[in-house]
Amino acid sequence: QLQASGGGLVQAGGSLRLSCAASGRTFSNYYMGWFRQAPGKDREFVSAISWRGGSTYYADSVKGRFAMSRDNAKNTVYLQMNKLKPEDTAVYYCAASIQYYSDSRQYRNWGQGTQVTVSS
């Protein structure tokens, strides 16, 4: 089970930190990913992180602005979002995978999303 939180309303240029808490004892065995879905659009890859956090991956649209991290002791991954833009507005989801993919179909255990709204 995955539970995303931390979304909200923020002005352009602002920051938010999303969290995704996982239940279960095998959290550290999985890559974790963040995806987002805006109204009328397909779900898109945002970021992913390896089992111990040594490797991170980002969509070009967020590179340099977002940073993903994880704390396996707390079974939690984070997405620090800086310099937010109106086009970042979406529902953000976290999910687990056995290795790095940018394709959402390779992920499972999707949690409920958290809404991020960036006003201009």
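Arg 65 touches Gln 80, Met 81, Asn 82, Lys 83, Leu 84, Lys 85 and Asp 88, leaving aside residues up to four places away in sequence. The structure is a predicted model, and this briefing starts from Arg 65 before turning to the salt bridges, the disulfide and the nonpolar core. The count comes to 5 salt bridges and 1 disulfide, while the largest nonpolar core has 32 residues.

**Arg 65 and its surroundings**

- Arg 65 lies in the loop between β6 and β7, and with a relative accessible area of 10% this arginine is buried, because buried means under 20%.
- The side chain of Arg 65 reaches the backbone oxygen of Ser 61 at 2.9 Å, and the side chain of Arg 65 also meets that of Asp 88 in a salt bridge, with N to O at 2.8 Å.
- Asp 88 lies in the loop between β8 and β9, whereas Arg 65 lies in the loop between β6 (56–58) and β7 (66–71), so this pair ties together parts of the chain that are 23 residues apart in sequence.

**Asp 88 and the salt-bridge network**

- Asp 88 also forms a salt bridge with Arg 36, in which the closest N and O atoms are 2.9 Å apart.
- This pairing links distant parts of the chain, since Asp 88 sits in the loop between β8 (76–81) and β9 while Arg 36 belongs to strand β4 (residues 31–37), and the two are 52 residues apart.
- Asp 88 and Arg 36 are both buried, and for Asp 88 the relative accessible area is 0%.
- Through salt bridges that share partners, Arg 36, Glu 44, Arg 65 and Asp 88 are joined into one network.

**A salt bridge between Asp 103 and Arg 105**

- The side chains of Asp 103 and Arg 105 meet in a salt bridge, with N to O at 2.8 Å.
- Asp 103 is partly exposed, with a relative accessible area of 24%, whereas Arg 105 counts as exposed at 72% relative accessibility, because the exposed class begins over 50%.

**The disulfide**

- A disulfide is a covalent bond between the sulfur atoms of two cysteines.
- In this model the disulfide joins Cys 20 to Cys 94, with an S to S distance of 2.0 Å.
- The two cysteines link distant parts of the chain, with Cys 20 in strand β3 (residues 16–22) and Cys 94 in strand β9 (residues 90–97), 74 residues apart.
- The torsion about the S-S bond of Cys 20 and Cys 94 is about 65°, so the disulfide is right-handed.
- Cys 20 is buried, with a relative accessible area of 0%, and Cys 94 is likewise buried, with a relative accessible area of 0%.

**The nonpolar core**

- In soluble globular proteins, nonpolar side chains tend to be buried together.
- Within the largest nonpolar core, which has 32 residues, those with the most contacts inside it are Met 32, Trp 34, Phe 66, Val 77, Leu 79, Met 81 and Tyr 92.
- At least two residues of this core come from each of β1 (2–5), β3, β4, β5 (44–49), β7, β8, β9 and β10 (114–119), and the largest share, 5 residues, comes from β9.
- Val 77 touches Leu 18, Ser 19, Cys 20, Phe 27, Met 32, Trp 34, Ile 49, Met 68, Ser 69 and Arg 70, again not counting residues up to four places away in sequence.
- Among the residues that Val 77 touches is Cys 20, which is also one of the two partners in the disulfide.

Note on methods
Residues numbered from 1 in each chain as written. Predicted model: local features only at pLDDT ≥ 70, side-chain atom pairs only at ≥ 80, totals over all residues. Heavy atoms only, no water. Disulfide = S-S within 2.5 Å. Helix = DSSP H or I, 4+ residues; strand = E, 2+ residues; numbered from the N terminus. Buried < 20%, exposed > 50% of the residue type's maximum accessible area, 1.4 Å probe, protein only. Salt bridge = Lys/Arg side-chain N within 4 Å of Asp/Glu carboxyl O. Core = buried A, V, L, I, M, F, W, Y, C linked by side-chain atoms within 4.5 Å. Contact = heavy atoms within 4.5 Å. Polar contact = N/O pair within 3.5 Å; in protein donor to acceptor, adjacent residues only side chain to side chain.
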